[in-house]
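Student: I am new to this structure and would like a close look at one single part. Could you walk me through it?

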Amino acid sequence: MSTASRQRSRHLVLSLPRGGSLRGTRRPLWAGAITALSCLVLLALGVFTGTYHIGTAEVFDVLGGGGSAMDRFIVVGQRMPRVCAALLVGAGLGLAGSLFQSLSRNPLGSPDIIGFTTGSTTGALAALLIGGGTSLGAGGGALLGGLATALLVHVLSAMRGAVGGRLIVTGIAVGAMLASVNDFLITRADIESAESAKAWTFGSLNAITWPHVVPAAAAFPLLLAATVVLARPLQMMSMGDDTAAALGVRVDRIRALTLLVGVAWTAVAIAVAGPIGFLALAAPQLARRLARSGGVPVFTAALMGALLLACADFAGQRLLAPFQIPVGLVTGALGGLYLMWLLYRKV
């Protein structure tokens, strides 16, 4: 097969009306389709199965607007918001990791490694324990805590003009200090609040209801649009700041906007489910390997994050049923294995 034939076989061209066409690479399209189909399978499993047995016909009856009050409560009030939250939070963390890894040009550049997740947790804990806030207040606290941490890490890492590896090392140091602040906040609370806050820091979808999901669903399209806009200049910046600037990219502005959007994704995820580790680290890397993409895999990273978190939550519900393992503990265990594998391949 000639080189031109091989290039044509790697691309898919979709004809549009009035002579237009839409061209894309086959591999990312197939990777996205397979991941999206897997997410739909997990969505169906989450809605149709559970500890409380409801027959398939009864679930369809509930989805059609009928069913008993108990069946509607289980399916509409518990199962559906939980699986929707898993998909939304997972997609958000996948995109946050993709943005930070592109910005730092390092596979370890995820918000939980460089301290932004810890900073958002500090803000949320302060809102919950000191301000007596609601889940909405915790979301605002998470956003403010994440932004303050991002600003501090960015300023400290940029003092000598470099933001790649220095960003990660600075973030690890700041994150370690903020982890101590989080523990201090919990020790100063009363026993009931401290137990509740400590359980929240595990990261869980066990008590998710629609009021937790709706704000995240409303923010999702806005943050996704911002991520898509940032993807192309970030891909140019992967060639180096000077080259990107020569191509017309305003490097400092793109870097600041990327930090803002990445922190916003992290804060939204934490406000819904608490801190969930390693997902933002693994999802973009797995998406890149699956799609064989060198740029910012926006949609594949989102789908991969959604798939990983939905899988982890499904396993957390079933492994020790009826006891439910917080999903953050499952992702932590799986993420540790992934990190060791990643470090082994680098040695």
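Which residues does tryptophan 265 touch, not counting residues up to four places away in sequence?

Tutor: Happy to help! This is a predicted model, where local features need pLDDT of at least 70, side-chain atom pairs count only at pLDDT 80 or more, and totals for chains, interfaces and linings use all residues. Residues are numbered from 1 along each chain as its sequence is written, and side-chain values use heavy atoms, with hydrogens and water left out.

Leaving out residues up to four places away in sequence, tryptophan 265 touches Gly92, Leu95, Ala96, Leu99, Phe220, Leu223, Leu224 and Thr227; contact means heavy atoms within 4.5 Å.

Let's take Phe220 from that list. The structure holds two aromatic pairs, and phenylalanine 220 forms an edge-to-face one with tryptophan 265, at 5.3 Å centre to centre and 70° between the planes. Rings of Phe, Tyr and Trp (its six-membered ring) pair if their centres lie within 6.5 Å, and planes over 60 degrees apart count as edge-to-face, under 30 as stacked and the rest as tilted. Phenylalanine 220 sits in helix α9 (residues 210-237) and tryptophan 265 in helix α11 (residues 251-273), so their pair ties together parts 45 residues apart in sequence. Helices here are DSSP runs (H or I, at least four residues), numbered from the N terminus.

Both phenylalanine 220 and tryptophan 265 are buried, meaning under 20% relative accessible area with a 1.4 Å probe, protein chains only. Trp265 and Phe116 have the most contacts inside the largest nonpolar core, which has 58 residues. Such a core is a set of buried Ala, Val, Leu, Ile, Met, Phe, Trp, Tyr and Cys residues joined through side-chain atoms within 4.5 Å. Helix α4 (residues 69-104) gives the most to this core, with 11 residues.

Key: Helices (H or I, at least four residues) and strands (E, at least two) are DSSP runs, numbered from the N terminus. Buried means under 20% relative accessible area, exposed over 50%, partly exposed in between (1.4 Å probe, protein chains only).
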